[in-house]
Amino acid sequence: NGSNIFEIRQDQGDSGINLMIDYLAVSQEATFDEGLNIAAEAIAKTSSGNGANAINGCAFDESSEWSGSGVNGEWIQLDWGDKPRNICKIRLYDKVHARDQVLSGTLTFSDGSTILIGRLQNDGQYGSFVTFPSKKITWVKFTIDKVRSGTVSSGLGEFEVYAESEK
């Protein structure tokens, strides 16, 4: 027996009008710490479209996603220049529109390694995590290999890259 205190905070500048909480989960398990997303510290280069939209921290927003002008073969590369980074996890969000879905892709790293990626969740709401042993890299590139039939433009809702936590 005991008591719990829940606090809901509103960020300065956010409107609280019509605010509604649909769901609140409580667990005795330790909180999952994703680590530090370093994607916004990179320069985003793409085959087409505005890659900066994929690293702006605004997943779930159709107006703020990377949309390439084609379908298969589109790519986005995050480059940290001459600052090597130790990374161990990536989260890829598909675009919000259900019509556009990535079915497979390839992550290529500056160290020459690659990781094949399967289908991304098709709603832009939950990212697909890819974890791997720590890599020291200066860039990572995601190439879209295959998209769902009917896809108008391939891309990502968000591209997150997590630095290895310093212990």
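1. Start with Lys 95 and Asp 100: in this predicted model the two form a salt bridge, with the closest N and O atoms 3.2 Å apart. Take a look at where they sit, too, as both Lys 95 and Asp 100 are buried. Side chains of opposite charge can pair when their charged atoms come close.

2. Asp 100 has a second partner. Arg 99 also forms a salt bridge with Asp 100, and the closest N and O atoms are again 3.2 Å apart. Asp 100 has a relative accessible area of 1%, so it falls under the 20% limit for buried. Arg 99 comes in at 35% relative accessibility and therefore counts as partly exposed. Through the shared partner, Lys 95, Arg 99 and Asp 100 join into one salt-bridge network.

3. How many salt bridges does the count come to? Five. One of them to check on screen is Arg 85 with Glu 41, whose side chains meet at 2.6 Å, N to O. This pair links distant parts of the chain: Arg 85 belongs to strand β5 (residues 85-93), while Glu 41 is in the loop between β1 (36-37) and β2 (43-46), and 44 residues separate them. Glu 41 counts as partly exposed because its relative accessibility is 46%.

4. Now the overall picture. The chain has zero helices and 11 strands, so if you read the elements from the N terminus you meet β after β, right through to the end. Of its 167 residues, 40% are buried. About 10,400 Å² of the chain is exposed, and carbon and sulfur atoms supply 47% of that area. Contacts reach a long way along the sequence: among those with a separation of 6 or more, 77% are between residues 24 or more positions apart.

5. On to the sheet. Five strands form an open sheet, in the order β2-β4-β9-β6-β7, with antiparallel pairing. Which strands stand at the edges? They are β2 and β7 (114-117); each has a single partner strand, so one side of each is left without a neighbour in the sheet. On average, neighbouring strands here are turned by 15° against each other, direction ignored. Strands of a sheet pair through backbone hydrogen bonds, either parallel or antiparallel.

6. Within that sheet, have a look at β6 (residues 102-109) and β9 (residues 139-147). These two strands run antiparallel and are joined by seven bridges. For a landmark, find Thr 108, which stands opposite Lys 141 in β9.

7. Thr 143 is another residue to pick out in strand β9. Is Thr 143 buried or exposed? Thr 143 counts as buried because its relative accessibility is 18%, and the limit for buried is under 20%. Leaving out residues up to four places away in sequence, Thr 143 touches Gly 73, Glu 74, Trp 75, Gly 105 and Thr 106.

8. Ala 54 is a loop residue, found between β2 and β3 (66-67). Its relative accessibility is 0%, so Ala 54 counts as buried. What does Ala 54 touch, not counting residues up to four places away in sequence? The list is Trp 66, Ile 76, Leu 156, Gly 157, Glu 158 and Phe 159. Gly 157 deserves a click: Ala 54 and Gly 157 are 103 residues apart in sequence, yet 5.8 Å apart in space, C-alpha to C-alpha.

9. Last, Glu 160, which is in strand β11 (residues 158-163). Glu 160 is buried, with a relative accessible area of 9%. The Glu 160 side chain makes polar contacts with two other side chains: that of Arg 91 at 2.9 Å and that of Tyr 162 at 2.5 Å. Setting aside neighbours within four places in sequence, Glu 160 is in contact with Asn 37, Ala 39, Lys 89, Ile 90, Arg 91 and Tyr 93. Arg 91 thus turns up both in that contact list and as a polar partner of Glu 160.

Definitions and conventions. Residues are numbered from 1 along each chain as its sequence is written. This is a predicted model: local features need pLDDT of at least 70, side-chain atom pairs count only at pLDDT 80 or more; totals for chains, interfaces and linings use all residues. Side-chain values use heavy atoms; hydrogens and water are left out. Helices (H or I, at least four residues) and strands (E, at least two) are DSSP runs, numbered from the N terminus. Buried means under 20% relative accessible area, exposed over 50%, partly exposed in between (1.4 Å probe, protein chains only). Contact means heavy atoms within 4.5 Å. Accessible areas come from the Shrake-Rupley method with a 1.4 Å probe; for residues, only the protein chains shown count as cover. A salt bridge is a side-chain nitrogen of Lys or Arg within 4 Å of a carboxyl oxygen of Asp or Glu. Two strands pair if DSSP finds at least two bridges between them. Axes are lines fitted to C-alpha atoms, for helices over the stretch in contact, and angles run from 0 to 180 degrees between N-to-C directions. A polar contact is a pair of N or O atoms within 3.5 Å; within protein, one must be able to donate a hydrogen and the other to accept it, and residues adjacent in sequence count only if both atoms are side-chain atoms.
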